[in-house]
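Biologist: I am new to this structure and would like a close look at a single part of it, the central sheet and what surrounds it. Could you take me through it slowly, beginning with one residue that I shall name below?

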Amino acid sequence: MTRSDGYLLDNRQNEAGQRFDAFAALFDPTTFRHLEGVGVGPGWHCWEVGAGGTSVVSWLAEKAGPTGKVVATDIDTSLVSAVAHPPVEVRVHDVGTEEPPGEGFDLVHARLVLVHVPDRERALRSMIQALRPGGWLLLEDADPALQPLICPDEYGPEQQLANRLRQGFRKLLAERGADLSYGRKLPRLLREAGLVGVEADAYFPVTSPACTALEAATVRQIRARLVAADLATDEEIDQHLANVEAGSMDLATAPMISAWGRKA
């Protein structure tokens, strides 16, 4: 992620930890499957970009072991600092504006990061620069434009309200430079950057307790912004949160697209 006063989802807000817990429940199994697939193991040097929470960093540290190294970077390391002990090194770092925090990495991984970075092209070059020849890049980003609804089955007023608030959230993201169709571009961008053996897939949760928890935390986190931008009223947000709490809606996420390839 990149330093910006306009960043919508601040790691220091109370809801940030709840969101990272929900992301871990939703996406860690897919992420870990891909990391297993590229062969992460003892002695690997890994760079976790925009780490945010601790789940992926801790998994990488366990796999890399005492002979490996995991560099975890973010613009705000308040949540990941809890695991800052060998083999994990935690650094404040802006992938969109700063040089890589090292070179010769066996793996560089970023999840839900580049979609928010204004200079995505520079960030991608930086991550590839940091890889050793034969090293792996795994990028995972959502594509909200591919599936823009929080309630794909919009059969009643509760779902209609939820989708209208989600539209407001997407508007706020776009105004802050997020590329809401970035996920689908990842395979092409990795090939154009010279990576080989590029593959990609997508994971699309349609309903789960973690989807519900993520929606509640996200709406609470951006509540003031939605109201200030006249995208929703406090009464509408209260009603939506009550609807979410009732547990009667199927709440989806945007498809998470994972793409990976090796540096030649």
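Is Leu 112 buried or exposed, and what is its relative accessible area?

Modeller: Leu 112 is buried, with a relative accessible area of 13%, where buried means under 20%, exposed over 50% and partly exposed in between (1.4 Å probe, protein chains only). Before going on, please keep in mind that this is a predicted model, in which local features need pLDDT of at least 70 and side-chain atom pairs 80 or more, while totals for chains, interfaces and linings use all residues. Residues are numbered from 1 along each chain as its sequence is written, and side-chain values use heavy atoms, without hydrogens and water.

Leu 112 lies in the loop between E4 and H3 (helices, H or I, of at least four residues and strands, E, of at least two are DSSP runs numbered from the N terminus). Although Leu 112 is not a glycine, its phi is positive, at about 55 degrees. Most residues other than glycine have a negative phi.

Strand E4, on one side of that loop, belongs to an open sheet of seven strands with mixed pairing, and the order across the sheet is E3-E2-E1-E4-E5-E7-E6; strands pair if DSSP finds at least two bridges between them. At the edges stand E3 (88-92) and E6 (196-203), each of which pairs on one side only. E4 (residues 105-111) runs parallel to E5, to which six bridges join it, and within this pair His 109 stands opposite Leu 138 of E5. To get from E4 to E5, the chain crosses through helix H3 (residues 120-129). Within H3, the buried residues are Arg 120, Ala 123, Leu 124, Ser 126, Met 127 and Ile 128, and what covers these residues includes E1, E4, E5 and helix H5 (186-192).

Strand E5 (residues 131-142) is itself mostly covered, since 10 of its 12 residues are buried. Its other partner is E7 (residues 256-262), which runs antiparallel to E5 and is joined to it by seven bridges; here Leu 139 stands opposite Ala 259 in E7. Strand E7 also holds Ser 258, which counts as buried because its relative accessibility is 0%. The C-alpha atoms of Ser 258 and Leu 138 are separated by 7.0 Å, although these residues are 120 places apart along the chain. Leaving aside residues up to four places away in sequence, Ser 258 touches (heavy atoms within 4.5 Å) several others, among them Thr 30, His 34, Leu 139, Glu 140 and Glu 199.

Towards the E3 edge, strand E2 (residues 69-74) and E3 run parallel and are joined by five bridges, with Val 71 standing opposite Glu 89 in E3. Two helices pack on the sheet: H1 (residues 16-38) touches E4, E5, E6 and E7, whereas H2 (residues 55-64) touches E1 (45-49), E2, E3 and E4.

The loop between E2 and E3 also deserves a look, as it is the place of Pro 87. A cis peptide bond joins Pro 86 to Pro 87, with omega at about 10 degrees. Most peptide bonds are trans.

Methods. A crossover is right-handed if, with the strands pointing away from the viewer, the path from the first strand over the helix to the second runs clockwise. Axes are lines fitted to C-alpha atoms, for helices over the stretch in contact, and angles run from 0 to 180 degrees between N-to-C directions.
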